[in-house]
Amino acid sequence: MSRYVVLLGTQWGDEGKGKIVDLLTEKADAVVRFQGGHNAGHTLVINGIKTVLHLVPSGAMRPEVECLIGNGVVVNVEQLLKEVRELEEIGICIRDRLMVSPACPLIMPHHIALDIAREAARGEGAIGTTGRGIGPCYEDKVARRGLRLADLMRPDLFAEKLRSVMEYHNFALERYFGAEKVDYRQTLDQAMEQKEMISDLIDDVSTRLYRLRRQGRSVMFEGAQGMLLDVDHGTYPYVTSSNTTAAAAAVGSGIGPLELDHVLGIVKAYTTRVGSGPFPTELFDRVGRHLGDRGHEFGATTGRPRRCGWLDIVALRRTAQVCGLSALCVTKLDVMDGLETVRICTRYELDAQEVDLPPYGAEAMARCRPVYEELPGWERSTAGARSFDELPANARAYLDRMSELCELPVDIVSTGAERDDTIILRHPFD
Ligand code: GDP
Ligand code: IMO
Ligand code: MG
């Protein structure tokens, strides 16, 4: 039976998507990335060996699995080639099963310079981006002046387009931001060098997916970031510049929306956020430190400490709604081991009223105060548990309550970073 399964972050990213994609693709034929870029950092731990992927899909460690990068992904070619090389160095040959869409927008050095200059100019109001040039690259795409992977194959045209777009951006860099401009010649030479190494990876991802479907194969669509960072539905403007919702899987890979069979939402048992922006359940106390320390909550891309807080069901309700979630996968349950009591935010108080769903926009969200429900913690550790029965009764009660409040089944529970420290109650490819 063919299954096209979307896997998404339901919060502000770093829910453990990489680990779960790697695990579940034991039963898939291909993995596709469909949005974002190397702002993502997806961690896999297999037999104690940790690998962090930024652009290469998390099916990389399984030799039989095809890795596709869809048109919705913004590609920094240098980063992609670096990741391919690093995988080769640890004995993972990916070139023969990696395919990148010719429609992918290219992240160029001026995008990175603009990202950094804009953040600096925002001062206190900075978004806290990853500084990878993601926003400026998507802007160029929508403004219809961006360069795409396919353009690399027409060097003369590429040089011409690059000159014009760089003139425009260098003007802003120098005259508006007072920053240094980016050298055209050097940028062009570097792009032409990269062209030689990337050209045989470029192919029609949309058609590949269409064929896989007709052959009855199973495909995993690997989301990056999380729903609350979605440019439309997230905590705007403290968001990323792509759609991170389930529908983006179709647009960003080139398939019809009805091809998607199942949407699995990955949710941390608590909440974290990297960068700025409202976070109603954020903790600044001992519990916050417990979660950060035990969960090793440091960004996999930038190394920044992640802000930590209680689980937020209000925000999750929005995710379930806009993504049409089929089921939940709860990760990092073990990080909550040792807490005497645990809390779940079930409603917000906003302007003296209680609300069940988060308001749109950062300004209103920043005024929301969490209303909590308290549950007893669990004395016994859940770390490394591989069956539901191994979990202490209070941990099971916490999961049951989550499931009830979200009105969704919990199909998978993760109890450690290691691939196999997982409880699978229902496999999405079965
Ligand atoms: P992603 O961006 O959603 O793929 O998540 P990241 O890789 O950025 O961050 C998740 C972190 O938690 C990584 O360091 C994982 O190795 C780790 N991790 C994933 N699942 C679990 C789990 O169930 N328990 C613990 N303790 N760590 C986990
Ligand atoms: P994964 O896939 C967590 C955050 C940044 C910043 C905002 C905008 O590993 O879950 P950007 O560079 O995208 O313009 O930054 O989005 N952000 C992430 N936070 N996990 C990620 O990816 C993120 N990618 C971007 O910290 O707040
Ligand atoms: Mg991450």
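This note reviews the ligand sites, the pockets, the cavity and two backbone features of a predicted model.

1. Placement of the ligands. The two ligands occupy the two leading pockets of the model. Ligand 2 sits in the largest pocket, while the space taken by ligand 1 is the second largest pocket. The volumes are about 710 Å³ for the largest pocket and about 620 Å³ for the second largest.

2. The shell around ligand 1. Ligand 1 is surrounded by 19 residues, and the closest of them are G16, K17, T43, D334 and S414. Two secondary-structure elements, helix α1 (17-24) and strand β3 (42-46), each contribute at least two residues to this shell. In terms of residue class, the shell consists of 4 nonpolar, 8 polar and 7 charged residues.

3. Polar contacts and burial of ligand 1. Three short distances deserve inspection. An oxygen atom of ligand 1 is placed 2.5 Å from an N or O atom in the side chain of T43. A polar backbone atom of K17 is 2.7 Å from an oxygen atom of the ligand. On the side chain of D334, an N or O atom lies 2.7 Å from a nitrogen atom of ligand 1. Taken alone, ligand 1 exposes 590 Å², and the protein buries 91% of that area.

4. The second largest pocket. What lines the space that ligand 1 takes up? The lining of the second largest pocket comprises 25 residues, of which T43, G295, R306, K332 and A417 lie nearest its centre. The elements that give two or more residues to this lining are α1 and β3. These two elements also each supply at least two residues of the shell around ligand 1. T43 is likewise named among the closest residues to ligand 1. By class, the pocket lining holds 5 nonpolar, 11 polar and 9 charged residues.

5. The shell around ligand 2. Around ligand 2 there are 20 residues, with D14, K17, H42, T130 and T240 the closest. K17 is therefore worth viewing from both sites, being listed among the closest residues to ligand 1 and to ligand 2; the definition of a near residue used here is a heavy atom within 4 Å. The shell of ligand 2 contains 7 nonpolar, 10 polar and 3 charged residues.

6. Polar contacts and burial of ligand 2. Oxygen atoms of ligand 2 take part in the following contacts. A polar side-chain atom of T240 is 2.6 Å from an oxygen atom of the ligand. For R304, a polar side-chain atom lies at 3.0 Å from a ligand oxygen. At V274, a polar backbone atom is 3.2 Å from an oxygen atom of ligand 2. Taken alone, ligand 2 exposes 540 Å², of which the protein buries 97%.

7. The largest pocket. Which residues lie nearest the centre of the largest pocket? They are I127, T129, T130, V239 and T240, out of 40 lining residues. Helices α3 (109-122) and α4 (134-142) are the elements that give two or more residues to the lining. Of the elements, α3 gives the most, with 5 residues. The lining divides into 14 nonpolar, 17 polar and 9 charged residues. T130 and T240 are also among the closest residues to ligand 2.

8. The enclosed cavity. A search of the whole structure finds 1 cavity of 30 Å³ or more. The largest cavity has a volume of about 70 Å³. Its lining includes L228, H233, G234 and T235, together with R318, P358, P359, Y360, G361 and M365. By class, these lining residues comprise 5 nonpolar, 4 polar and 1 charged.

9. Backbone geometry between β7 and α8. Two features in one loop should be checked by eye. The peptide bond from Y236 to P237 is cis, with omega near 5 degrees, and P237 is found in the loop between β7 (219-222) and α8 (248-251). Q225 is also placed in the loop between β7 and α8. Although Q225 is not a glycine, it has a positive phi of about 60 degrees. As background, most residues other than glycine have a negative phi, and most peptide bonds are trans.

Terms used. Residues numbered from 1 in each chain as written. Chains lettered and ligands numbered in written order. Predicted model: local features only at pLDDT ≥ 70, side-chain atom pairs only at ≥ 80, totals over all residues. Heavy atoms only, no water. Polar contact = N/O pair within 3.5 Å; in protein donor to acceptor, adjacent residues only side chain to side chain. Areas by Shrake-Rupley, 256 points an atom, 1.4 Å probe, with all protein chains shown as cover. 1 Å grid on protein atoms, 1.4 Å probe; cavity = no way out; pocket = protein on both sides within 12 Å on 5 of 7 lines; lining within 4 Å. Sits in = over half its atoms within 2 Å of the grid points. Helix = DSSP H or I, 4+ residues; strand = E, 2+ residues; numbered from the N terminus. Nonpolar A, V, L, I, M, F, W, Y, C, P; charged D, E, K, R; others polar. Points joined across faces, edges and corners; volume = space filled by probe spheres on them.
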